[in-house]
Amino acid sequence: MRLDKFVCKSTTLNRQQAVLVISAGEVTVNGNAIVDAAVQVHESNCIEFQGERLLPRPFRYILLNKPKSTLCSNVDGDYPSIFNLLNVPNPDELHIAGRLDADTTGLVLITDDGRWSFNVFNPKYHCQKVYRVRLRDSIEGEHKGEIDGQLVARFKQGLQLPGETKLTLPAKLVYVSEREALLTISEGRYHQVKRMFAAVGNRVVGLHRERVGSIECDVACGEWRYLSDIEVEGFGFSSLSELDNRR
Ligand code: URA
C-alpha cells in the first residue's frame with residue numbers, strides 16, 4: 001500500500017495531512033526518512049511517525065440491510081448513498097463488496113479489506129447468493145404450489161443472456177408463491193437476476209438479497225452490524241486452506 005495510505009490507516013490524519021508530514025521528512029520506513037508519499041510499503045515494514053511505530057487499524061467488515069432507493073456508492077447520486085446509514089469513523093476508507101441496484105434491498109457487505117472483498121466475490125469461489133424475487137407473471141406450473149418444471153430446468157442448465165458469450169452457471173429456483181421465488185446464484189453478473197428472468201419472458205418487480213455465503217441478512221432494513229471473526233474467516237471460501245493461502 002502507498003505510504004500516505006498507510007499513515008492514514010494508522011493515525012487520525014487525512015490524506016492531505018499525511019502527505020504533508022511525509023514530505024516534511026517526519027515519517028521513516030525501516031529507519032530511513034521517506035519523503036515520497038507514493039512509495040509502496042508493507043505492514044511488516046517498521047514505519048514510524050514522531051518516533052512512534054505506526055500500526056494500521058484492524059480491518060472492518062460490515063453487513064448492512066440496504067433499503068430501497070439508496071445507492072451502492074460512496075457518494076450520493078440520484079439517490080442517497082448507503083454510507084449515510086453508517087455512523088462509523090473514516091467512512092471514506094470503506095468500499096462495497098458486491099453492489100445492489102438502487103431498487104434492490106437486502107444484504108450488502110462493506111469493508112476496507114480489498115483482498116477479502118476481491119476473494120469473496122471472486123467467481124472462482126462460487127460463493128452463493130440467495131435472492132427473494134417478486135415477479136410480474138406467474139411462475140406456477142401445472143400443480144398449484146410448484147414452479148413450472150421447465151423453468152426450473154432452464155435456470156439449472158444455464159441461460160444465454162443478451163450480449164454474453166457464456167451461459168449463466170447453474171442456478172436454483174425455489175417456489176415461494178405464484179409470483180415469488182428464491183433464486184440462488186453463484187456469480188455476480190451485471191443486473192444478473194433481472195436479466196435472467198427477462199431471458200425467460202418474465203419481469204422482476206421486487207428484489208431482496210437474503211444471503212451471501214453463510215451470512216444471513218439478519219438486521220432490520222436500514223440497520224447494520226459488524227461481522228463476527230468467524231463470519232469473516234469462513235466467508236465465501238470453500239476451504240480453510242484457500243483462506244490460509246491469501247495470508
Ligand atoms: N441482480 C440484479 O439484477 N440486481 C441486483 O441488484 C442484484 C442482482
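This short talk walks through one chain and the ligand bound to it. Keep in mind that the model is predicted.

Let's start with the layout. The domain assignment splits the chain into three parts. Domain 1 covers 3-53. Domain 2 comes in two pieces, 61-124 + 214-245. Domain 3 runs over 128-212. Between the C-alpha centres of domain 1 and domain 2, the distance is 29 Å.

Now the ligand. Where does the ligand sit? It is in the second largest pocket. Which residues are around the ligand? Here is the list: L100, D101, T104, Y131, H191, Q192, V193, K194 and L207. By class, that shell has four nonpolar, three polar and two charged residues. Domain 2 and domain 3 each give at least three residues to the shell. Which helix brings the largest share? That is helix α5, residues 192-199, with three residues.

Next, the polar contacts. Look at T104. One of its polar side-chain atoms lies 2.9 Å from an oxygen atom of the ligand. H191 uses its backbone instead: a polar atom there is 3.1 Å from a ligand oxygen. K194 also reaches a ligand oxygen from the backbone, through an N or O atom at 3.1 Å. How much of the ligand does the protein bury? On its own, the ligand exposes 240 Å², and the protein buries 95% of that.

One last stop, away from the ligand list: helix α4, residues 149-157. Look at the start of the helix. There, a side-chain oxygen of D148 comes within 3.0 Å of the backbone nitrogen of Q150. Now go to the other end. What follows α4? The next residue is G158, and its phi is positive, near 110°.

To recap: find T104 in the structure, with its 2.9 Å contact to a ligand oxygen. Then find α5, the source of three shell residues.

Note on methods
Residues numbered from 1 in each chain as written. Predicted model: local features only at pLDDT ≥ 70, side-chain atom pairs only at ≥ 80, totals over all residues. Heavy atoms only, no water. Near = heavy atom within 4 Å. Polar contact = N/O pair within 3.5 Å; in protein donor to acceptor, adjacent residues only side chain to side chain. Areas by Shrake-Rupley, 256 points an atom, 1.4 Å probe, with all protein chains shown as cover. 1 Å grid on protein atoms, 1.4 Å probe; cavity = no way out; pocket = protein on both sides within 12 Å on 5 of 7 lines; lining within 4 Å. Sits in = over half its atoms within 2 Å of the grid points. Helix = DSSP H or I, 4+ residues; strand = E, 2+ residues; numbered from the N terminus. Nonpolar A, V, L, I, M, F, W, Y, C, P; charged D, E, K, R; others polar. Domains from an automatic or database assignment.
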